[in-house]
Amino acid sequence: MRRISVVSAALALVLAGTAACSSSSGHSSSGGSGTAAAFDPKTCQGGTLEVLNQDSISKLDPARIYTSGGGNIPSLLFRTLTTRNREPGQDGTKPAPDLATDLGTPSDNAQTWTYHLKDGIFFEDGTPITSADIKYGIERSFAPELPGGAPYLRDWLVNAANYQGPYKDPDGIAAIETPDPKTIIFHLRKPEGDFPLLATATQFAPVPKAKDTGVDYDKHPISSGPYMVASYEKNKTLDLVRNPHWSAATDPLRYACPDKIDVTSGLDPAVINQRIATGTGQDANAVTTDTTIGPDQLAQLNSNPALAKRVAHGEFPATTYIAFDTKVKPFDDIRVREAISYAINRTTAVNAAGGTAVAGASTTFLPPQKALGYQPYDYFPAGATGNPAKAKELLAQAGYPNGLTVTLAHQSDDANNFGPKVATAVQDALKAAGITVNLNPIDDNRYTDVTGKPSTEPGMSLQYWGADWPSGAPFLIPIFDGREIISSGGNFNLAQLNDPSVNAEIDAINAITDPAQAQARWGALDAKLGQQALTVPLFYEKDVSLFGKNVKNAVPDGWRGQYDLARVSVK
Amino acid sequence: MTVTLEAATGPQPGPDPSSPPRPRGATWRRLRQDKAAATGMVIITLMVLVAVLAPLLTALEGQDTTTQHPELVDSASGGTPLGSLGGVSAAHWLGVEPQTGRDLFARLVYGARISLGVALGATALQVLIGVSVGIAAGLGGRFVDSALSRLTDLTLAFPSVLFAIGLMAIVPGSVPRPLVLAVVIALLGWGATARLARGQTLSLRTRDYVAAAKLSGAPPLRVARREILPGLVTPIITYAALLVPTNMISEAGLSFLGVGVRPPTPSWGQMLSAGTTWFRPDVMYVLVPGGALFLTLLAFTLLADGVRRTLDPRNTEVAA
């Protein structure tokens with residue numbers, strides 16, 4: 001989901017910028033700059049990859065980082081039970097076995113999941129990885145000393161909601177069984193067909209209990225992946241070298257081409273794009289995992305075919321939208337919400353986000369990825385630039401014939417694309433329908449604290465939601481499940497919708513283990529929710545980023561929309 | 001906010017106490033004859049007129065500051081204005097803003113209101129605070145003097161930009177932003193004016209006519225107003241003319257850093273800030289606010305220089 005600010009993003013989430021989409025014209029194959037077909041992972045080894053990022057690496061502990069599909073940089077260090085299959089396009093939205101031999105065996109109506117570990121898997125110090133290490137890694141993520149990970153396991157595992165982590169509670173979580181060093185069994189309190197997708201998160205990475213230093217583990221987490229930490233200066237640099245005990249034979253998904261990977265963070269986005277585009281010296285080997293292309297380079301693409309070949313077009317499922325609190329006036333009246341839906345000008349909103357190259361107008365809450373169950377609908381057609389006449393009509397019916405004044409909360413900064421630029425586009429669009437919008441900028445770091453607490457939630461706010469994994473579940477449940485309304489803070493069901501029929505349908509879909517069947521049901525649920533105008537979807541994200549002159553096989557994977565550092569080569 | 005001390009030492013001695021003050025008309029004439037000062041005045045007058053007449057000018061153009069024109073920008077290339085020179089046309093005299101397509105001329109003339117208004121307001125406040133504190137320190141006893149002088153030193157020693165960012169962040173959103181900006185800039189930037197005023201006061205208080213006024217029983221406030229203040233006019237006016245551009249830069253700097261006026265209100269600093277990512281695809285977006293800012297700063301500097309030359313009694317070159 002989203003919580004971009006919480007995420008320690010360089011490492012973890014795909015950032016706001018990271019998305020991109022199927023409909024991004026014919027470019028999607030250009031990511032590999034024509035070398036994809038000829039690329040041979042067996043001969044790609046060598047060189048140093050430079051990673052230039054905006055967001056500081058503030059966390060490296062696998063318990064604390066919040067990732068979609070195990071992250072890009074974290075996935076170089078941590079192997080997990082399953083991982084994303086790293087395929088381009090829609091094929092890349094599926095999980096693949098990583099430490100486990102398969103995607104897991106569900107039983108008891110998908111309430112019990114059993115995994116077996118591969119042979120020949122080792123930590124960076126040569127110790128074999130056992131199922132107990134994976135169990136311990138998950139238990140650590142429950143410790144209040146190590147906050148930040150995704151909340152799902154706490155909700156899903158039997159009797160784990162109040163578990164306080166292995167430091168306070170060394171008995172561990174009874175719902176995770178390790179009958180032998182190669183087997184791990186999870187007991188869930190409800191059916192969860194998406195369990196193999198969640199098992200890609202870094203919380204499923206093994207942690208050797210003997211090497212656990214608690215909060216200090218962050219300084220040098222023990223690697224199970226192809227690289228290990230050589231040096232790490234928090235928020236500044238992270239240098240990785242090869243892990244001698246990783247074996248490619250057990251890990252066909254990570255090609256691990258460069259000998260070294262140096263990450264520099266805290267850079268300005270314009271600087272990153274400029275450095276990669278120019279490609280002087282070491283910058284020829286440079287990539288970024290959190291910076292989308294800027295207007296400077298976009299304007300050059302037509303006249304500079306060499307640069308155009310160095311642009312990766314991926315897709316990360318994410319929607320930027322207007323959220324309403326349907327418990328407060330005037331948004332309790334569906335006609336007001338519909339009026340705003342009709343009045344919205346998606347062209348100016350897309351432009352505010354950086355134009356059609358990096359965002360696409362969206363009338364559905366689910367972004368247009370098949371894996372999420374996307375079904376097109378447009379119940380309140382606003383056209384490209386809004387339908388203020390229809391909006392005025394609805395406002396008059398709702399008792400506001402002379403217009404209406406509302407306040408729109410937004411982030412004070414544009415970095416995540418729901419800041420002042422998008423807010424002023426909304427303001428200008430609604431003006432035509434007689435709706436006066438006052439802007440309420442809220443500091444980025446406090447934003448989710450303010451909007452996520454029902455007592456302080458603004459009636460109308462700009463929001464962003466990205467997929468924790470490519471499925472409808474992590475997209476619709478936190479936003480529309482009535483049982484997910486959290487009054488103490490951290491709430492994302494901003495509409496405060498608690499509809500028993502919606503809740504029941506969510507439970508029914510969760511029990512489905514066939515993704516195709518589940519997709520159709522999630523899509524239908526989204527379309528049903530759309531009729532209530534609980535949100536005004538504005539745009540979905542497209543991920544367009546540059547890579548250096550020497551970089552090969554920079555093909556965005558379908559899960560994260562970014563090229564995968566475990567697969568690029570600089571040889 | 002960053003007030004240079006060289007500026008403070010610019011105007012050297014006070015007026016000769018023995019000579020009668022020069023008639024106002026003469027000063028004015030000399031100022032007009034000074035070519036640099038006259039140029040400065042003309043530009044400043046024009047800028048002020050533009051700011052005052054902003055609604056009229058935009059009405060004449062037929063645009064406003066907030067309406068977005070998506071049809072005038074190329075969305076596929078990130079929102080670069082269509083057409084040459086950033087979309088200059090009969091309808092949009094200076095072109096349009098990238099991404100939004102908002103009219104640049106309208107934003108520039110309304111931005112002048114913020115930039116000039118904040119700078120002039122802050123300068124007036126700085127002069128008011130600085131002169132009051134300076135005279136009080138100069139005329140007061142040793143205790144008052146050292147207390148006020150230390151306070152002055154303190155404000156001069158503040159990392160003012162950091163402090164301004166902090167102050168701007170804690171002021172509630174309901175207070176008008178330009179007012180907050182002017183007050184914050186003034187509060188952090190009166191130190192040099194106070195020092196200047198104190199120095200002048202110290203040198204004037206030993207003059208015979210001041211001593212005579214004191215001996216004849218004039219209350220301190222009267223001494224300050226009637227005997228000291230006229231002697232401060234020259235250096236203070238000169239210095240104030242230099243403060244205006246400094247304050248404009250402060251406003252632009254704070255808006256550039258994102259703690260100035262809030263969108264969609266335009267200001268030159270905020271336009272420049274947004275322009276940094278556009279300087280190659282749309283150079284007009286940087287040149288327009290940058291040029292306006294440059295011209296205004298130049299005008300005030302020319303004027304300040306002219307004022308100093310004109311009012312300086314040692315300067316006989318113009319008078320001749």
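1. Salt bridges between the chains. In this predicted model, one salt bridge is found across the interface of chain A and chain B. The residues that form this salt bridge are A:Asp296 and B:Arg280, whose closest N and O atoms lie 3.2 Å apart. With that distance, the pair meets the criterion for a salt bridge, because a side-chain nitrogen of Arg has to be within 4 Å of a carboxyl oxygen of Asp.

2. The wider interface. Chain A contributes 26 residues to the contact, while chain B contributes 20 residues. Between them the two chains bury about 1,700 Å², and 52% of this area is on carbon and sulfur atoms. On the side of chain A, the residues that lose the most area to chain B are A:Pro295, A:Asp296 and A:Asn351, which together make up 28% of what that side buries. A:Asp296 thus appears twice in the description of this interface, being among the residues of chain A that lose the most area and also the partner of B:Arg280 in the salt bridge.

3. The disulfide. Over all chains, a search of the whole structure finds one disulfide, and this is formed by A:Cys44 and A:Cys257, with their sulfur atoms 2.0 Å apart. The two cysteines are 213 residues apart and link distant parts of the chain, since A:Cys44 belongs to the segment before β1 (48-52) of chain A, whereas A:Cys257 sits in the loop between β9 (237-242) and β10 (260-264) of chain A. The link is left-handed, with -80° about the S-S bond. Are these cysteines buried or exposed? Both A:Cys44 and A:Cys257 are buried.

4. A hairpin in chain A. Strand β6 (residues 176-180) and strand β7 (residues 183-187) of chain A pair in the antiparallel sense, and three bridges are found between them. The hairpin that joins β6(A) to β7(A) does so through two residues. For A:Asp180, the bridge partner in β7(A) is A:Thr183.

5. A helix in chain B. Helix α8 of chain B, which covers residues 177-188, has 12 residues and reaches 17 Å from its first C-alpha to its last, a span close to the 16 Å expected at 1.5 Å a residue. Its buried residues are B:Arg177, B:Val180, B:Leu181, B:Ala182, B:Val184, B:Ile185, B:Ala186 and B:Leu188. What covers these buried residues of α8(B) includes four other helices of chain B, namely α5 (104-139), α6 (142-157), α7 (160-170) and α11 (220-256).

Methods:
Residues are numbered from 1 along each chain as its sequence is written. Chains are lettered from A and ligands numbered from 1 in the order in which they are written. This is a predicted model: local features need pLDDT of at least 70, side-chain atom pairs count only at pLDDT 80 or more; totals for chains, interfaces and linings use all residues. Side-chain values use heavy atoms; hydrogens and water are left out. The expected span of a helix is 1.5 Å times one less than its number of residues. Buried means under 20% relative accessible area, exposed over 50%, partly exposed in between (1.4 Å probe, protein chains only). Contact means heavy atoms within 4.5 Å. Two strands pair if DSSP finds at least two bridges between them. A disulfide is a pair of cysteine sulfur atoms within 2.5 Å. Buried area is the accessible area (1.4 Å probe) that two parts lose on being put together, summed over both.
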